[in-house]
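Take a look at the model below. Start with the ligand, then follow the chain around it.

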Amino acid sequence: MIRIGTVGTNWITQQLVEAVALSKRYTLAGVYSRHQETADAFAQKNQAEKSYTDYETMLDQANLDVVYIASPNSLHFKQAMAAIDRDISIIVEKPAFSNRREMAAIMAELKQHPAVKYFEAARHVHTPNFKAISKALMALPTVQGAALTYMKYSSRYDKVLDGEQPNVFTKEFSGGALQDLGVYPIYLAIALFGQPENVAFFPTIIVTGADGKGLAMLRYGDFDVTVNFGKTSNSYALSEIYGLKETITIDSAGELTHVEERDASGQATDLSAAELANPMLPEAEDFARVLEAPDDKQNVADYQRWLQWSLTVNQVLFDLRVSANLKFPADQH
Ligand SMILES: NC(=O)c1ccc[n+]([C@@H]2O[C@H](COP(=O)([O-])OP(=O)(O)OC[C@H]3O[C@@H](n4cnc5c(N)ncnc54)[C@H](OP(=O)(O)O)[C@@H]3O)[C@@H](O)[C@H]2O)c1
């Protein structure tokens, strides 16, 4: 069994813990929270071996194979470095790192610790529906672009409207709509089409100074991908990938729960796989298989592909911010 520790006690960590339990391939060896009460409650609810209020103590004492990092974005880097230094693999929530400099430092550290694996928790690109989209894309006679949307009103925006500064809406924590939701359609575009040649970002800046919504353009050689995302309103628009007369439609570029292909006459074929028991189960299983058999040929190839996606997404997110002159305090360190 893979010994996993967790950072963060919000709902996403709960979902991950349930996913790893469903996979039956991990043991919850340690739970870290800044507060004893939260740490104990989370550990008890999920039958963890032990709770910790000091992160490095967990890394030193819990005998972990891997740590799942689901803290605010700007904290990922330091927490990831501390784990790699101790030869512990890392699953880092998206977006893994705030900028190119942090990503480069992580890559250099991984070189010094070759047994350590780094995974970015981009759940949607591990799902059967992502594979269905990739397969349908390969069968298109040509690709003429895509329009990807992921826009969900955040309950935390109510707090912003009440004058508060929730982490996810602050530049201090490397937050904002691009980092939080835009990353999903951008990940999808990069996993499907590769690295764009040029990018541009048109953000709507809210009172906290972060972007509340935005439009990103990814320019490929002979087609464009437009990405529409936000946390201050809801969109019910389908995402679409354009062939010649065929169109692939996706209910949401972040969730990928329903995928169809329409032929030249508009007739739809449902390509969706069965509903997932837990949206994080496919990634939990993918990461487990690499951790269990890192030298397996297929696992080596998959790991390299995920790593390349993560590097490209990090670069594109950074380039998008540069195009809009949107800076984070983490960029100055
Ligand atoms: N894959 C997905 O579907 C998905 C969904 C949601 C979020 N995420 C990602 O998960 C990460 C966490 O997001 P979130 O919305 O859960 O963030 P959050 O609520 O702001 O913080 C997450 C956890 O970090 C700790 N924390 C909060 N503020 C902190 C601070 N100032 N200093 C140190 N620790 C702090 C808290 O744990 P303790 O109080 O227990 O220490 C909290 O439970 C982000 O990277 C986000 O993008 C991914």
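What follows moves from the ligand site to two local backbone features.

This is a predicted model. Begin with the space that the ligand takes: this is the largest pocket. A shell of 21 residues surrounds the ligand. Thr 9, Asn 10, Ser 33, Asn 73 and Lys 94 are the closest. By type, the shell splits into 7 nonpolar, 8 polar and 6 charged residues.

Where in the fold do these residues come from? Domain 1 (2–121 + 281–299) gives at least three of them, and domain 2 (128–276) also gives at least three. Two helices take part as well. Helix H1 (11–23) and helix H8 (177–193) each contribute at least two residues to the shell.

Now turn to individual contacts. Glu 93 places a polar side-chain atom 3.1 Å from a nitrogen atom of the ligand. Lys 94 uses its backbone: an N or O atom there lies 2.7 Å from a ligand oxygen. Asn 167 uses its side chain, with an N or O atom 2.8 Å from an oxygen atom of the ligand. How much of the ligand does the protein cover? On its own, the ligand has 900 Å² of accessible area, and the protein covers 83% of that.

Stay with Lys 94 for the backbone. A cis peptide bond links Lys 94 to Pro 95, with omega at about -15°. Pro 95 sits in the loop between strand E5 (89–93) and helix H5 (100–112). Lys 94 is also one of the closest residues to the ligand.

A second backbone feature is found at Asn 63. Its phi is positive, about 55°, although Asn 63 is not a glycine. This residue belongs to the loop between helix H3 (55–61) and strand E4 (66–69).

Notes: Residues are numbered from 1 along each chain as its sequence is written. This is a predicted model: local features need pLDDT of at least 70, side-chain atom pairs count only at pLDDT 80 or more; totals for chains, interfaces and linings use all residues. Side-chain values use heavy atoms; hydrogens and water are left out. A residue is near a molecule or strand if one of its heavy atoms lies within 4 Å of it. A polar contact is a pair of N or O atoms within 3.5 Å; within protein, one must be able to donate a hydrogen and the other to accept it, and residues adjacent in sequence count only if both atoms are side-chain atoms. Accessible areas come from the Shrake-Rupley method with a 1.4 Å probe; for residues, only the protein chains shown count as cover. On a 1 Å grid over the protein atoms alone, a cavity is a set of points where a 1.4 Å probe fits but cannot get out, and a pocket is an open set with protein on both sides within 12 Å along at least five of seven lines; lining residues have an atom within 4 Å of a point. A molecule sits in a cavity or pocket if more than half of its atoms lie within 2 Å of its grid points. Helices (H or I, at least four residues) and strands (E, at least two) are DSSP runs, numbered from the N terminus. Ala, Val, Leu, Ile, Met, Phe, Trp, Tyr, Cys and Pro count as nonpolar, Asp, Glu, Lys and Arg as charged, and the others, Gly among them, as polar. Domain bounds come from an automatic or database domain assignment.
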